[in-house]
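Here are some notes on the model you sent, set out as numbered points for a reader who will have the coordinates open alongside.

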Amino acid sequence: MYDRAEQFAGLHDLLGAARRGSTRLAVVSGSAGFGKSELMHTFATQAVAVGASYLAATASRTEQRVPFGVLTQIFHGAGLSHDPLGEIVPHINDNMSDVLSRDPTSPIAGRIFQRVHQALLELIERQPAAGPLVVGIDDVHNADHPSMQSLFTLIRRHRTARLLVILTVPSDGRLVDLPFHSDIPPSPYSVPVCLPALTAHGVEELIGDELGREAAQHWSSEIYAISAGNPQLARALVDDNRLTPVDGRAPIALGTQYSKALLACVHRCDCTGIDAARALAVLGDTVDDRLLGQYLGLDRKSTDRALRVLEELGVVVGAHFRHPETGPILLDAMTFGERSELHRRAADLLMQHNVCAPVVARQVLAAGQTVRAHDVPVLREAAVHAWEEKDPRLALDLLDTAARYDQEHASRLSTAAMLARIEFHVDPGSAARRVPALAGAVLEGKVTGQQAAGVGMLQMAMGDYPGAVESLHRASRAPVDACATASAVDELRMWLSTLYPEGGETLAPTDRQDGLRLRNIAGGESTELLRSLLESGPSPQAVEAAKRLLRASKTGVTVMSDLVVALRVLTEADETVSAERWACSYQAVADTHPSRVWRALYAVTRAEMALRRGLLPDAARHAEAAVREVPLEHWGIYAGLPLGVLLELYTLTARHDRAAELARAAVPTAMFRSPLGMGYLRARGRYFLAINQPAAALDDFLTIGRLVSSWNYDDPALFPWRGDAAGACLRLGRPEQARELAGAQLARCAPHARRARGRSLRALALCSPLQERLRLLEQAGTALADCQAPIELAQVLADRAEALPAIGQESRARMLAWRSRKLLEDAGAVAPPPGTVQDQREAPGNLPDPQSVTDVLTRAELRVAALAARGMSNRQIARRLFITVSTVEQHLTRVYRKLKVKKREDLPADLQAAPVNGASAA
């Protein structure tokens, strides 16, 4: 045994006194699991080895009312030829047993005790002369009163007997409460032997002997912290971790042995200690001393005593468990009925003390089938809190329970509406099945205006535009008795009018909005920004507003609609680098957001950003993450977003079988009533061009044009349908119509829309005579290089490569064709984009060798040329290298002359890999 040398020494001193003819009594006390029994039996073995005799008895709670039960065990252990109590005990009936306990001075009791006393004396006198008699009684707090009274009387009367009695008792004070406590002889005949918890060194020694010194060094502090030095708990942890690798990385396992040891220790406490441990397991972190006492029905003194017992046991610190797994272990050991009753009592008590709804609701849920009518409001309030705390599963459990036990029809409808709206963010498919019943309740006028607006939001997202409009009208006509109702109506109206622009005046705000501004609603500012983007394109004002939203989200509450819309504005404005930087900084926020729908929308936004930048593997990764969050069939009106990105990806990577599946897929028809579906229509048209079906492609492009024109969303930066249609017309042999469409698109391009301008210039170039075509293509390449659009730049380079041989520039054509192919390969595309028909199979024959380029250019020129080849503008290069724009222009002029090229898009693609570290010399 560890850390018990002092206790063994004390017992051996008492044994020596008994050998010299001085009766002694040792009371060994300690918490459950501290080794009282082991100490007594180990000492008995040592005493027998030096000539003592040892007789043992174990008291049991079930035999506590059996008179002389403990002494009967002792006499049987002595191996006598006859039983001294054999003639006494059988004649003691229940009445006599009560007499022995209540009135030991009665004549009958006196005669019985006298005969027992004589039998004990005879037992001592029969011991060999070599050594004393050691009597050990384990768990004496469970012993019968007559046995202990007889034994204590013997010790007091015969103080010179060669007798040592050892009793084990828990240190929780139960011995004081026993009727024979006052009969214990005083000091020096009675000596306390206290067993404390093991020290940290003792625990380390235990681990070292069982698992080796390396394990002791790694685990001793953690096992000591969990067990608080309780030997039984520490040994159980050792047994649970015999197969755990000793590498410092694996945590200590709390397995079956620890669970058994913990339960054994707790169940050996008195009833108050057991009840206190269970109460702590039920109440959890909400408990304090006052609340625990009320839960147990105890006064402050009794509560403190129960906690002290558990703390000495090594289970708690104050009113909290040492290890978080302790509570679940205790709860799992109870029956369902026991747990349910305890949680029900906890819920009622916490409700009486006005504890916050989430804490009460957890107890109600744990109570199982005992939910009551007054629990329903608490469950609903807790569900709202759980959603705000990013725990949607708990919110759904709370609302589902509330709905099942709510007896009031109106309240049940309100709960169902809340449940559907939260469920939409976790499992849109399940939420869709709830909407028809809720829509019926809206039509029947059985829900409030706020609830009707919430149903309308679900209908809108799931593509039921007529139903959403009807819900809006019903909500608008309902009495506005709270700000929340007006806000819910305004939220639905602004989203409907933005995502379903065909509504027009029918969705216009009414005068009964009570002065509420849209931007005061969560997500209201982003909705205004989205509408501004659709109506006016990615203007500088929209870009500034997007950046303001992103900056505000860093310092305040993050609204996912703000992030998604702001990133989309930056992407449409060709600020993809800035958008990517913001997206990365908010990725952790998106990853932990409770809504699967918003996580999916964020992922698909990042996929589109990567697609614009020509990072096709990244685009595929984000798009696949989006559809993992929400399967395509559950995207509703938003389905056009992932479908458009995936279809474009499959087309660019020549995965035409996958593209065909998406092109033929059944999609929500409501998607084509919203700008959200236009990306899919454009991607499908480009797929049709790639498989040489220009008529089908033209039909899709013109459909986009008809819709966006009717919505007044006709901006070529967002919907370049005219340029796409021009390409289809060329394939169909309609050059005049193609030129008209391309010219109209170019005329509508804003000066700041570089990508739109580059697309439009290319579309017009393909409809123009050779010299004009080359001029327009050169301008298109410049615009596209400035906005980092590598895939579209590759199209332009390929078009120029196709046209240049006609004016005798075959070598330059080969160089441009090679560079076009290199851009596509770097992007991850394995096929020319739709509309590119030239052959790019041959590499250029007279491109400068990369090694010779480094020989020709100075280090400063090489750095500038490398950045220019990567598509950076002169101003961007100047900022990167900390030089002036004029210096950049001078370096590029010399680079063009040395490499015999005219424009930056003619620079060899291999220059992109040249090192650019450090600032350039002027």
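1. What span should the 13 residues of helix α11 (residues 271-283) have at 1.5 Å a residue, and how far apart are its end C-alpha atoms? This is a predicted model, and in it the expected span of α11 is 18 Å, because the rise is taken as 1.5 Å for each step and the number of steps is one less than the number of residues. The end C-alpha atoms of α11 are 18 Å apart, which agrees with that expectation.

2. Staying with α11, its buried residues are G273, I274, A276, A277, A279, L280, A281, V282 and L283. Just after the helix comes G284, which takes a positive phi of about 65°.

3. The next point concerns a sheet. Five strands make up an open sheet with parallel pairing, in the order β2-β3-β4-β1-β5. Its edge strands, each pairing on one side only, are β2 (53-58) and β5 (190-194). Averaged over neighbouring strands, and with direction ignored, the turn of one strand against the next is 20°.

4. Within this sheet, strand β1 (residues 24-30) and strand β4 (residues 163-170) run parallel and are joined by seven bridges; R24 stands opposite L164 in β4. Helix α1 (residues 5-19) packs on the sheet, where it touches β1, β3 (133-138), β4 and β5, and the direction of α1 makes about 150° with that of β4. Helix α2 (residues 36-49), for its part, lies across β1, β2, β3 and β4 and runs at about 165° to β4.

5. Turning to the aromatic side chains, the count comes to five aromatic pairs when ring centres must lie within 6.5 Å. One of these is the pair of Y687 and F688, which is tilted, with 5.6 Å centre to centre and 45° between the planes. Y687 counts as buried because its relative accessible area of 7% is under 20%, and F688, at 14% relative accessibility, counts as buried too.

6. W711 and Y713 form an aromatic pair with 6.2 Å centre to centre, and this pair is edge-to-face, with 65° between the planes. At 7% relative accessibility W711 counts as buried, and Y713 is also buried, with a relative accessible area of 2%.

7. A last point concerns a charge and a ring: the charged end of R345 sits over the ring of Y295, at 4.4 Å from the ring centre.

How values were computed. Residues are numbered from 1 along each chain as its sequence is written. This is a predicted model: local features need pLDDT of at least 70, side-chain atom pairs count only at pLDDT 80 or more; totals for chains, interfaces and linings use all residues. Side-chain values use heavy atoms; hydrogens and water are left out. Rings of Phe, Tyr and Trp (its six-membered ring) pair if their centres lie within 6.5 Å; planes under 30 degrees apart count as stacked, over 60 as edge-to-face and the rest as tilted. Buried means under 20% relative accessible area, exposed over 50%, partly exposed in between (1.4 Å probe, protein chains only). A charge sits over a ring if NZ of Lys or CZ of Arg is within 6 Å of the ring centre and within 35 degrees of the ring normal. Two strands pair if DSSP finds at least two bridges between them. Helices (H or I, at least four residues) and strands (E, at least two) are DSSP runs, numbered from the N terminus. Axes are lines fitted to C-alpha atoms, for helices over the stretch in contact, and angles run from 0 to 180 degrees between N-to-C directions. Contact means heavy atoms within 4.5 Å.
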